[in-house]
Structure formats: structure tokens, C-alpha cells
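The following exercises concern a single protein chain and are to be worked through with the coordinates at hand. Each task is followed by a solution in steps.

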Amino acid sequence: MSLRLSTVILPYRRWQEGSRAAWQRAEQLGFHTGYTYDHLSWRTFRDGPWFGAVPTLTAAAAATERLRLGTLVTSPNFRHPVTLAKELISLDDISGGRVTLGIGAGGTGFDATVLGQDPWTPRERADRFAEFVPLLDRLLTEDSVTYTGDHYAADEARNIPGCVQRPRLPFAVAATGPRGMRLAARYGQAWVTTGDPKLYEDGTPEESDQAIRGQIERLADACAEIGRDAAEQERILLTGFTPDRARPLESVDAFVDFAGRQRELGITEIVVHWPIPDSDFATDEKVFERIAEEAPAQLG
């Protein structure tokens with residue numbers, strides 16, 4: 001697989017005040033996919049503007065023609081499979097079949113308590129995720145679904161006509177643990193990682209590369225358990241959370257060196273954050289655009 005370059009555009013600006021222009025520019029620059037975060041609020045952006053993922057992607061679908069669109073990532077923290085399926089089928093239709101669903105088990109941030117519940121334990125998150133993904137798979141591929149589980153239920157949930165993409169829009173499953181890897185192997189057309197979060201503060205790029213290599217090996221083992229060829233899966237790295245931090249975006253050469261290392265590990269798609277001034281993603285916009293325009297050709 002050739003290495004793809006994608007971007008994630010955070011939904012922190014009003015549509016007419018820079019957001020629309022960013023999505024259109026992403027398409028002009030040739031990015032493979034434009035993703036956005038599916039949170040109700042997020043970290044240092046919590047006290048400022050922040051818009052919903054699905055409406056933002058719907059607007060982006062209407063403002064672009066070729067750019068694929070997706071979430072990095074949706075989680076069960078505030079989503080239910082039945083309502084999410086209806087929104088995704090609608091978005092896939094509006095975009096003409098350009099949607100990828102990035103999906104993960106969720107974390108302990110603001111989304112975990114915003115509906116008034118106590119945050120789930122890691123075990124509870126894994127249990128819910130293990131039920132959420134298979135049910136969502138059914139909802140996106142079957143006309144009518146009835147299901148009763150420990151955490152979710154559906155009673156004759158109708159999803160006609162289904163996705164434009166068949167049998168359904170692709171899942172990019174974020175996972176590092178054994179149960180998540182098994183879900184990624186069975187249901188994911190792609191797998192997502194941010195590296196090993198334990199290495200972010202004090203680790204080295206070399207340690208991070210070794211951790212990602214180990215994750216990819218475990219994914220391959222999970223695929224082998226069910227007789228699936230791991231080579232048919234895309235392997236996505238969302239950057240900005242490894243010890244390299246923003247250094248790969250300091251120049252075209254720095255990015256090509258970083259991306260080349262990830263490709264050797266087995267990564268097939270690299271996602272970079274769209275520049276945001278006065279934030280952890282405060283990249284020089286001219287350098288960022290040069291990377292988008294020049295790096296893919298150098299990487300082959």
C-alpha cells in the first residue's frame with residue numbers, strides 16, 4: 001500500500017469564519033481524507049467555540065467533491081448505535097459515499113461525564129465497545145435490526161436504503177488492547193493508533209517506533225486468529241501524540257524522514273493536524289502546505 005496523507009480539522013471555528021475555507025483548502029492540497037474530532041468539548045478548547053462532528057462533516061460534504069471525510073474518533077461516551085447509524089447513513093448519502101467512521105472505546109475526558117454519568121472504568125468501556133461495534137455493523141448493513149444486549153438495544157431499527165458504500169461505510173477502529181485489536185481485526189477496514197501514550201512525555205522517537213511496531217504485530221496476530229489477511233487493512237497514525245510531537249511539521253525534510261520511518265513500520269496513512277494558532281497545533285501554515293504538496297511525491 002502507498003502512504004496516504006490526511007488531515008484532521010478541529011471544529012473550533014464558525015463555518016463562515018474559516019472552517020469552510022479550511023475544508024476546501026484541504027481538498028485543493030490533495031489530502032486523502034479530512035477528519036474531525038467527535039467530542040462535545042476537548043481539552044484546552046473546552047472554554048471556547050466547539051461544533052458538532054456530524055453537522056460539520058455534512059457541511060464539508062456539501063463544500064467539497066473528492067475529499068474523503070471522517071471522524072477521529074467517535075466513541076460510545078455519548079453516542080448510541082441506533083441514532084449514530086441513521087446519521088452516518090445520511091452523511092454517506094449526502095457525501096456521495098465519502099465517509100469513514102473512526103471509532104474507539106472512549107476515554108475519561110469531558111465526554112465521559114457530560115451526560116451526568118460517572119466515568120466508566122476501562123473494563124466497562126471495553127465491554128460497551130465490544131457490543132457497540134457489532135451492533136453498529138448490523139445497523140449499517142441490515143434493513144431492520146432487533147437486538148437486546150447488556151448495554152444497548154434496538155427494536156426494529158430501520159435503516160433503508162443503507163449506505164452508499166457497500167456493504168457499509170468503512171470502520172477505522174482505534175485500539176491497542178487485546179479486545180480492541182480483535183474488534184479491529186473483525187470489523188475494521190482500517191486500524192488507528194496515536195502511538196503509546198505512556199511515551200509522550202519522556203519517551204524517545206525510537207521507543208515510540210518500537211511500540212507502534214509491536215501494536216501492528218499484535219493487530220496481525222488478531223487478524224491471523226480469524227483467518228484474515230492483515231495486509232488488506234489500512235493502518236492509520238494520528239500524529240501529534242508521540243515523542244516527536246510537532247517536529248515532523250517543521251519542514252518538508254523533517255516530515256519525509258518521520259513519515260518514511262512510519263511507512264517502514266507498516267503505517268499506510270498519516271494524519272496531521274490542520275494548523276491552529278496559539279495551540280499545540282500551531283504549525284507554520286506555509287510549511288504545512290508545502291508538506292501537503294511536496295511530501296507525498298517524495299514518499300512514493
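**Exercise 1. Backbone geometry at Glu156**

In which strand is Glu156 found? State its phi and classify its exposure.

*Solution.* The model is a predicted one.
Step 1. Glu156 belongs to strand β6.
Step 2. Its phi is positive, about 50°, although Glu156 is not a glycine. Most residues other than glycine have a negative phi.
Step 3. The relative accessibility of Glu156 is 48%. Buried means under 20% and exposed means over 50%, with partly exposed in between. Glu156 therefore counts as partly exposed.

**Exercise 2. The loop between β2 and α2**

Locate Arg43 and Gly48, and determine how exposed each residue is.

*Solution.*
Step 1. Arg43 is placed in the loop between β2 (33-36) and α2 (53-63), and Gly48 is found in the loop between β2 and α2.
Step 2. Arg43 is not a glycine, yet it has a positive phi of about 45°.
Step 3. With a relative accessible area of 53%, Arg43 is exposed; Gly48, at 34%, counts as partly exposed.
Step 4. For the position of Gly48 relative to an earlier part of the chain, take Arg13: the two residues are 35 residues apart in sequence, and their C-alpha atoms are 9.3 Å apart in space.

**Exercise 3. Peptide bonds before two prolines**

Determine whether the peptide bonds from Ile160 to Pro161 and from Arg166 to Pro167 are cis or trans.

*Solution.*
Step 1. Most peptide bonds are trans.
Step 2. The bond from Ile160 to Pro161 has omega near 15° and is cis.
Step 3. The bond from Arg166 to Pro167 is cis as well, with omega near 5°.
Step 4. Pro161 lies in the loop between β6 and β7, and Pro167 is found in the loop between β6 and β7.

**Exercise 4. Packing of α4 against α5**

Describe how helix α4 packs with helix α5, and list the residues that meet.

*Solution.*
Step 1. Two packed helices are described by the angle between their axes and the distance between the axes.
Step 2. For α4 (residues 122-141) and α5 (residues 178-187), the angle is about 10° and the axes are 10 Å apart. That angle makes α4 roughly parallel to α5, since angles under 35 degrees count as roughly parallel.
Step 3. From α4, the residues Arg123, Ala126, Asp127, Phe129, Ala130, Val133, Pro134 and Asp137 take part, and they meet Arg179, Leu183 and Tyr187 of α5.
Step 4. Sorted by type, the residues of this contact are seven nonpolar, no polar and four charged.

**Exercise 5. Length and burial of α4**

Test the length of α4 against the expected span, then identify its buried residues and what covers them.

*Solution.*
Step 1. The 20 residues of α4, at 1.5 Å a residue, should span 28 Å. The C-alpha atoms at its ends are 29 Å apart, which agrees with the expectation.
Step 2. The buried residues of α4 are Arg125, Arg128, Phe129, Glu131, Phe132, Val133, Pro134, Leu135, Leu136, Asp137, Leu139 and Leu140.
Step 3. The cover over these buried residues includes α3 (81-95), β4, β5 (144-148), β6 (153-158), β7 (171-174) and α5.

**Exercise 6. Two buried residues**

What are the surroundings of Leu101 and of Thr242?

*Solution.*
Step 1. Leu101 is in strand β4 (residues 99-103), whereas Thr242 lies in the loop between β9 (234-238) and α7 (252-265).
Step 2. Leu101 counts as buried because its relative accessibility is 1%; for Thr242 the value is 3%, so Thr242 also counts as buried.
Step 3. Leaving out residues up to four places away in sequence, Leu101 touches Thr71, Thr74, Leu88, Leu136, Leu169, Pro170, Phe171 and Ala172.
Step 4. With the same omission, Thr242 touches Thr194, Gly195, Tyr200, Ser208 and Phe258.
Step 5. Between Leu101 and Gly188, 87 residues apart along the chain, the C-alpha separation is 9.6 Å.

**Exercise 7. The chain as a whole**

Compare the radius of gyration with that of a compact globule, and summarise the chain.

*Solution.*
Step 1. A compact globule of 300 residues would have a radius of gyration near 19 Å; the chain has 18 Å, which agrees.
Step 2. The C-alpha trace spans about 55 × 45 × 35 Å along its principal axes.
Step 3. The secondary structure comprises eight helices and ten strands.
Step 4. Buried residues make up 54% of the 300 residues.
Step 5. Of the contacts with a separation of 6 or more, 75% are between residues 24 or more positions apart.

Terms used:
Residues are numbered from 1 along each chain as its sequence is written. This is a predicted model: local features need pLDDT of at least 70, side-chain atom pairs count only at pLDDT 80 or more; totals for chains, interfaces and linings use all residues. Side-chain values use heavy atoms; hydrogens and water are left out. Axes are lines fitted to C-alpha atoms, for helices over the stretch in contact, and angles run from 0 to 180 degrees between N-to-C directions. Helices (H or I, at least four residues) and strands (E, at least two) are DSSP runs, numbered from the N terminus. Angles under 35 degrees count as roughly parallel, over 145 as roughly antiparallel, 65 to 115 as roughly perpendicular and the rest as oblique. Contact means heavy atoms within 4.5 Å. Ala, Val, Leu, Ile, Met, Phe, Trp, Tyr, Cys and Pro count as nonpolar, Asp, Glu, Lys and Arg as charged, and the others, Gly among them, as polar. Buried means under 20% relative accessible area, exposed over 50%, partly exposed in between (1.4 Å probe, protein chains only). The expected span of a helix is 1.5 Å times one less than its number of residues. The radius of gyration is taken over C-alpha atoms; the globule rule is 2.2 Å times the number of residues to the power 0.38.
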